[in-house]
Amino acid sequence: MKFTEFGLNESLIEGIEATGYETATPVQEKVIPIILSGQDLIASAQTGTGKTAAFLLPVIHKLIQSKIEDQVNALVIVPTRELAVQIAQNLEGLSYFTSISSIAVYGGGDGSSFSNEKQALSHGADIVICTPGRMIAHLNMGYVKLQGLQYLILDEADRMLDMGFYDDIMKIISYLPAKRQNLLFSATMPFKIRDLAKKILHEPAEINIAISKPPERIVQEAFVVYDTQKIPLVKFLLSSGNFKSVLIFCSKKNNVKQLTRELKHARFSAEEIHSDLEQAAREEVLLAFKNRRLKILVATDILSRGIDIDNIDLVINYDVPNDGEDYVHRIGRTARAETDGVAYTFISEKEQGKFMTIEKLLGKPVTKAKVPQQFGPTPDYDPRKQRAAPGRHSHSGGHSGGGRRR
Ligand code: AMP
């Protein structure tokens with residue numbers, strides 16, 4: 001479906017063309033008319049489906065006609081700073097030829113960014129994209145004008161609840177006028193999301209585009225290894241393939257740090273990103289990676305959802321992700337848009353049970369690649385046995401998952 005068929009404002013169509021979108025994605029086809037009709041919406045849609053433009057386009061279109069000056073007209077609440085920045089950038093492109101103003105409001109910057117945000121919020125910004133904590137800091141100071149707010153969007157709602165933002169979200173909502181259009185996007189629909197939806201949404205339309213399965217064109221392979229073989233295998237794979245942009249996920253910060261250290265030592269172009277880094281450092285590393293000045297980015301889960309970096313050709317799960325959704329999100333960083341991608345997952349002995357659960361979710365086993373002979377003997381893939389006797393194999397490397405950390 002062409003974007004011109006939605007009846008969107010001309011200046012918005014110009015922005016869509018300039019951004020390079022030609023036809024609407026399935027989620028956009030379904031979601032845009034619902035939002036234009038004024039109905040509340042609950043949508044299960046993952047990152048990578050085009051869901052950001054699916055809510056931005058109709059909201060911008062409607063605001064061109066109905067925005068109230070010197071106010072916040074739409075509020076997008078997101079779990080992470082990176083996602084806030086990314087949505088703001090997407091918005092900037094799409095709204096470029098319109099009169100819609102916007103600002104991203106997120107923690108971690110220096111004092112001057114807070115006062116810039118304060119300035120913008122005091123004078124009004126049509127669309128504000130915020131992380132919950134930072135928005136509350138501004139709301140507490142009393143200058144944010146939300147009386148005329150028309151749209152509330154919760155993006156990656158499941159992730160926000162996982163991160164403990166429920167109370168913050170409800171607090172922000174307590175500042176909003178009762179009459180508004182509410183849109184909730186979530187990759188998964190556990191009970192707590194349904195419960196949140198019941199509290200916030202009014203007779204919502206429901207859309208389900210969640211593909212809890214990765215795109216077919218991602219080549220997925222898994223290497224069954226001992227913990228101690230993981231770092232040498234990363235180095236081997238990086239040296240043997242002609243990969244231009246590689247994202248490596250670890251479940252623990254310490255693994256990120258150790259692996260990055262080793263890769264740098266071996267003269268790979270690699271940097272790390274995790275929550276210990278200052279915001280400025282995180283942005284710098286992300287930018288270098290996006291610009292292809294940096295080839296390999298080693299990250300904790302913080303990057304697995306929501307972050308849109310084009311043309312990554314290899315994702316390595318250095319540790320098995322905690323659940324199937326995380327797996328799909330992590331490997332979904334590759335094969336964006338039209339490109340193909342490769343995703344390798346390393347499975348240590350004690351991660352086999354976890355990986356079997358993921359394979360069940362995928363509905364089929366992931367091909368187990370042959371570990372080159374030079375690495376010596378490797379464990380058998382026998383997750384059932386491993387499940388039956390947890391902790392039977394204990395290795396000193398300690399690379400396996402554990403709880404949710406980012
Ligand atoms: P999202 O799921 O919103 O993170 O979008 C994933 C990627 O798809 C982003 O790079 C978007 O810029 C891009 N995208 C969104 N909509 C379209 C479209 N209709 N045509 C082509 N690319 C799109």
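**View 1. His61 in helix α3 of the predicted model.** In this predicted model, His61 is part of helix α3. Its relative accessibility is 10%, and because buried means under 20%, His61 counts as buried. When neighbours within four places in sequence are left aside, the residues in contact with His61 are Gly7, Leu8, Asn9, Leu12 and Leu36.

**View 2. The largest nonpolar core and the contribution of helix α3.** The largest nonpolar core comprises 44 residues, and those with the most contacts inside it are Leu41, Phe55, Leu57, Val59, Ile127 and Ile129. Helix α3, which covers residues 51-66, supplies the largest share of this core, namely eight residues. Phe55, if residues up to four places away in sequence are not counted, touches Ile35, Val76, Ile87, Ile153, Asp155, Leu183 and Phe185. A second core, separate from this one, has 34 residues, among them Leu149, Leu152, Leu154 and Leu196. In soluble globular proteins, nonpolar side chains tend to be buried together.

**View 3. Asp155 in the loop between β5 and α7.** Asp155 is located in the loop that lies between β5 (151-154) and α7 (157-162). With a relative accessibility of 0%, Asp155 counts as buried. Apart from its neighbours within four places in sequence, Asp155 is in contact with Lys51, Phe55, Ile77, Val78, Pro79, Leu83, Ile87, Met160 and Phe185; the contact with Phe55 also appears in the list of residues that Phe55 touches.

**View 4. Strand β1 between its partners β6 and β7.** Strand β1, formed by residues 41-44, is covered on both faces, with Leu41 and Ala43 buried on one side and Ile42 and Ser44 buried on the other. In a regular strand the side chains alternate between the two faces of the sheet. Strand β6 (residues 181-186) runs parallel to β1 and is joined to it by four bridges, and the bridge partner of Ile42 in β6 is Leu184. Strand β7 (residues 205-208) also pairs with β1 in the parallel sense, over four bridges, and Ala205 in β7 stands opposite Leu41.

**View 5. The open sheet of seven strands and helix α10.** The strands of this open sheet follow the order β10-β11-β9-β12-β13-β8-β14, with parallel pairing. Its edge strands, β10 and β14 (367-368), each pair on one side only. Between strand β8 (residues 218-224) and β14 there are two bridges in the parallel sense, and Ala222 stands opposite Lys368 in β14. Helix α10 packs on the sheet, where it touches β8, β9, β11, β12 (314-317) and β13 (341-347), and the direction of α10 makes about 160° with that of β13.

**View 6. Helix α11 and its two sides.** Helix α11 contains 13 residues (residues 253-265), which at 1.5 Å a residue should span 18 Å, and the end C-alpha atoms are 18 Å apart, so the expected and modelled spans agree. The buried residues in α11 are Asn255, Val256, Leu259, Thr260 and Leu263. Because these residues cover an arc of only 125° around the axis, they are placed on the same side of α11, whereas Asn254, Arg261 and His265 are exposed on the other side. The buried residues of α11 pack against α10 (230-240), β9 (246-249), β10 (270-273) and β11 (296-299). Arg267, which follows α11, has a positive phi, near 70°.

Technical notes: Residues are numbered from 1 along each chain as its sequence is written. This is a predicted model: local features need pLDDT of at least 70, side-chain atom pairs count only at pLDDT 80 or more; totals for chains, interfaces and linings use all residues. Side-chain values use heavy atoms; hydrogens and water are left out. A nonpolar core is a set of buried Ala, Val, Leu, Ile, Met, Phe, Trp, Tyr and Cys residues joined through side-chain atoms within 4.5 Å. Buried means under 20% relative accessible area, exposed over 50%, partly exposed in between (1.4 Å probe, protein chains only). Contact means heavy atoms within 4.5 Å. The expected span of a helix is 1.5 Å times one less than its number of residues. The arc is that of the directions from the helix axis to the C-beta atoms. Two strands pair if DSSP finds at least two bridges between them. Axes are lines fitted to C-alpha atoms, for helices over the stretch in contact, and angles run from 0 to 180 degrees between N-to-C directions.
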